[in-house]
Amino acid sequence: MIPFLDLKAPYLELKAELDEAIQRAVSSGWFIGGPEVDQFEADYAAYCEVDHAVGVANGLDALHLALRAMGVGAGDEVIVPSNTYIATWLAVVQCGATPVPVEPNEATYNIDPTLIEAAVTSDTKVILPVHLYGQPADLDPILEIARKHGLRVLEDGAQAHGALYKGKRLGGHGDAVAWSFYPGKNLGAMGDAGAVTTNDPDLADRIKVLRNYGSRVKYVNEEQGYNSRLDPIQAAILRVKLAYLDEWNNRRRMMATQYQKGLAESGLILPNVPDWADPVWHLYAVRHANREGFQKQLESQGVSTLIHYPIPPHLQGAFKDMGFKKGDFPIAERIHDEIISLPISPSLTAQEAEQVVRACLN
């Protein structure tokens, strides 16, 4: 059976370095904050070509605290994609604000910039595009709308570590980018972890205060904050893996190219990559009108798949109080009904990828 994702493989590939890093972190005596966190923040900021990276406990907290730092609160609106993982919406409601969904461009699955301006109201505070499946959203028109209306832009980069938009690495196009280092991400920890990158020193400083109980001086609390700090052991692990991120992303690109060529005549709807985007292929998501049957076909031939995601946020029970119903966002609903992710990871071999292709064609 070809697994969808082998989380043990990255550890085995880098075992000696990871074991040493974990031992170094444990031996340091720093179990909250300290040099491992400081160095990872510096390393990741440099990688993203920005001035600041602030480590937090997980990707949802990265979104939530960034929105809080931007002043988002009760009565505010945040424009979000209708086609995304639920965390994007959860971060908004955790601030007391309202998510305002905008449909995706069906070719790229990312938020359609041509539909955003119609969703802007006097209560809009932030536009929150998601770089879904590892492919950059079209940022320039989004930033233009934000400047026109005096809005902030927070990017959800949870699936797009190392992706390029018009030749520049994601990390500082908008006001900030929220990152998740969940173990299955392109840059994954061995537990939960997250960060926010930005070129805005005031924003970075506010997130640092918010992540630490609203305090910058011990026992002096400036505001009501949170406990959301990047664990130093996870920071040490991420420091090791960051050095291999570009190589691992290139392996994913090679596999995606193999899929694109091998499945060109399959009848599947394949990923579409604009010429200004250089994705990192966190997921290789295709569409099939009979997804359940297709998934069973692949499973019978030894290929594991996952669905990202089966239910769009507006139809989740978590948001039933917003009054959305089936048919309100038909593009997102159609995508969620048909999307299926094929195995893709740095540890997958070309031979295994060929087996996946053959299973899709049978």
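In the predicted model, V93 is in contact with P99 and F319 once its neighbours within four places in sequence are left aside. V93 belongs to helix α5, which spans residues 87-93, and it counts as partly exposed because its relative accessibility is 33%, a value that lies between the 20% and 50% cut-offs for buried and exposed residues. E77, 16 residues away from V93 in sequence, is placed with its C-alpha 9.6 Å from that of V93. Confidence in the prediction has a mean pLDDT of 98 over the protein, with 100% of residues reaching 70 or more; the lowest mean, 95, is found in strand β10 (residues 215-217), and the highest, 99, in strand β2 (residues 77-81).

Nonpolar side chains tend to be buried together in soluble globular proteins. In this model the largest nonpolar core comprises 40 residues, and those with the most contacts inside it are F40, Y44, I79 and F181. At least two residues of this core are supplied by each of α3 (35-47), β3 (98-102), α6 (139-149), β8 (176-180) and α8 (232-242). A second core, of 29 residues, lies apart from it and includes I86, A91, C95 and L203. Beyond its neighbours within four places in sequence, I79 is in contact with ten residues whose positions follow it in the chain, namely V100, V102, I111, I116, A119, V120, T124, V126, I127 and L128.The packing of two helices is described by the angle between their axes and the distance between those axes. The axes of helix α2 (residues 15-28) and α8 come within 9 Å and cross at roughly 150 degrees, and α2 is therefore roughly antiparallel to α8. The crossing in which α2 passes α8 is right-handed. On the α2 side the contact is made by E17, L18, A21, I22, R24, A25 and V26, and on the α8 side by P232, I233, A236, I237, R239, V240 and K241.

Most residues other than glycine have a negative phi, and most peptide bonds are trans. Y109, although not a glycine, has a positive phi of about 75 degrees; it lies in the loop between β3 and β4 (124-127) and counts as buried because its relative accessibility is 4%. Y133, likewise not a glycine, has a positive phi of about 65 degrees and is situated in the loop between β4 and α6, where Y133 is buried, with a relative accessible area of 7%. A cis peptide bond, with omega of about 15 degrees, joins H308 and Y309, and Y309 is placed in the loop between α10 (291-300) and α11 (330-338).

Terms used. Residues numbered from 1 in each chain as written. Predicted model: local features only at pLDDT ≥ 70, side-chain atom pairs only at ≥ 80, totals over all residues. Heavy atoms only, no water. Core = buried A, V, L, I, M, F, W, Y, C linked by side-chain atoms within 4.5 Å. Buried < 20%, exposed > 50% of the residue type's maximum accessible area, 1.4 Å probe, protein only. Helix = DSSP H or I, 4+ residues; strand = E, 2+ residues; numbered from the N terminus. Contact = heavy atoms within 4.5 Å. pLDDT = per-residue confidence, 0-100. Axes fitted to C-alpha atoms, helices over the stretch in contact; angles between N-to-C directions. Parallel < 35°, antiparallel > 145°, perpendicular 65-115°, else oblique. Left-handed = near helix turned anticlockwise from the far one by under 90°.
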